[in-house]
Amino acid sequence: MTNLEVREKLLQAQDLLADVYHWAKQPHTKFTGMDMNRQIARYTSNADSSINDSLEELEHPNGCMP
């Protein structure tokens, strides 16, 4: 896979995670004042951060600036 293909896949994954995160942050259907699932929101947020780190690594391998 090329770097461009990897970038595209990572961006697709971010889009999917955003959908799940949005669902998890919805108001709970049974318990007033609670999110649908805070743990899933936390995990998807962490995964999104990791994807951002991966995208940054693709741009600047090993922290090297051009």
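Which residues does Q14 touch, not counting residues up to four places away in sequence? The answer is D48, I51, N52 and L55, and it's a handy way into this predicted model. The chain's secondary structure is simple: two helices and zero strands. Q14 sits in helix α1, while two of its partners, I51 and L55, are on the list of buried residues of α2.

**Overall shape**

- The chain isn't packed like a ball: its radius of gyration is 15 Å, whereas a compact globule of 66 residues would come in near 11 Å.
- Along its principal axes, the C-alpha trace spans about 50 × 20 × 15 Å.
- Buried residues account for 17% of the 66 residues in the chain.
- The accessible surface adds up to about 5300 Å², and carbon and sulfur atoms own 56% of that.
- If you take the contacts with a separation of 6 or more, 44% of them join residues 24 or more positions apart.

**Helix α2 and its two sides**

- α2 runs over residues 38-59, and its 22 residues reach 32 Å from first C-alpha to last, close to the 32 Å expected at 1.5 Å a residue.
- Its buried residues are A41, T44, I51 and L55. They all end up on the same side of α2, because they cover an arc of only 80° around the axis.
- A bit of helix geometry helps here: an α-helix has 3.6 residues a turn, so residues three or four places apart point the same way.
- Turn to the face pointing away from that buried side and you'll find the exposed residues R38 and D53.
- As for what covers the buried residues of α2, α1 is part of it.

**Two buried polar residues, one in each helix**

- Q14, in α1, has a relative accessible area of 14%; that is under the 20% cut-off, so Q14 counts as buried.
- T44, over in α2, has a relative accessible area of 8%, so T44 also falls under the 20% cut-off and is buried.
- Leaving aside neighbours within four places in sequence, T44 is in contact with L17, V20 and Y21.
- T44 also has a polar partner inside its own helix: a polar atom of its side chain lies 3.1 Å from the backbone oxygen of A41. A41 is itself one of the buried residues of α2.

**N37 and the start of α2**

- N37 is in the loop between α1 (3-24) and α2 (38-59).
- Is N37 buried, partly exposed or exposed? Its relative accessible area is 26%, so N37 is partly exposed: that value lies between the 20% and 50% cut-offs.
- At the start of α2, a side-chain oxygen of N37 comes to within 3.2 Å of the backbone nitrogen of Q39.
- The N37 side chain also reaches the backbone nitrogen of I40, at 3.0 Å.
- Looking back the other way, N37 touches W23 and A24, again not counting residues up to four places away in sequence.
- N37 and K25 are twelve residues apart in sequence, yet their C-alpha atoms are 6.8 Å apart in space.

Conventions. Residues numbered from 1 in each chain as written. Predicted model: local features only at pLDDT ≥ 70, side-chain atom pairs only at ≥ 80, totals over all residues. Heavy atoms only, no water. Helix = DSSP H or I, 4+ residues; strand = E, 2+ residues; numbered from the N terminus. Buried < 20%, exposed > 50% of the residue type's maximum accessible area, 1.4 Å probe, protein only. Contact = heavy atoms within 4.5 Å. Polar contact = N/O pair within 3.5 Å; in protein donor to acceptor, adjacent residues only side chain to side chain. Expected span 1.5 Å × (residues − 1). Arc of directions from axis to C-beta. Rg over C-alpha atoms; globule rule 2.2 N^0.38 Å. Areas by Shrake-Rupley, 256 points an atom, 1.4 Å probe, with all protein chains shown as cover.
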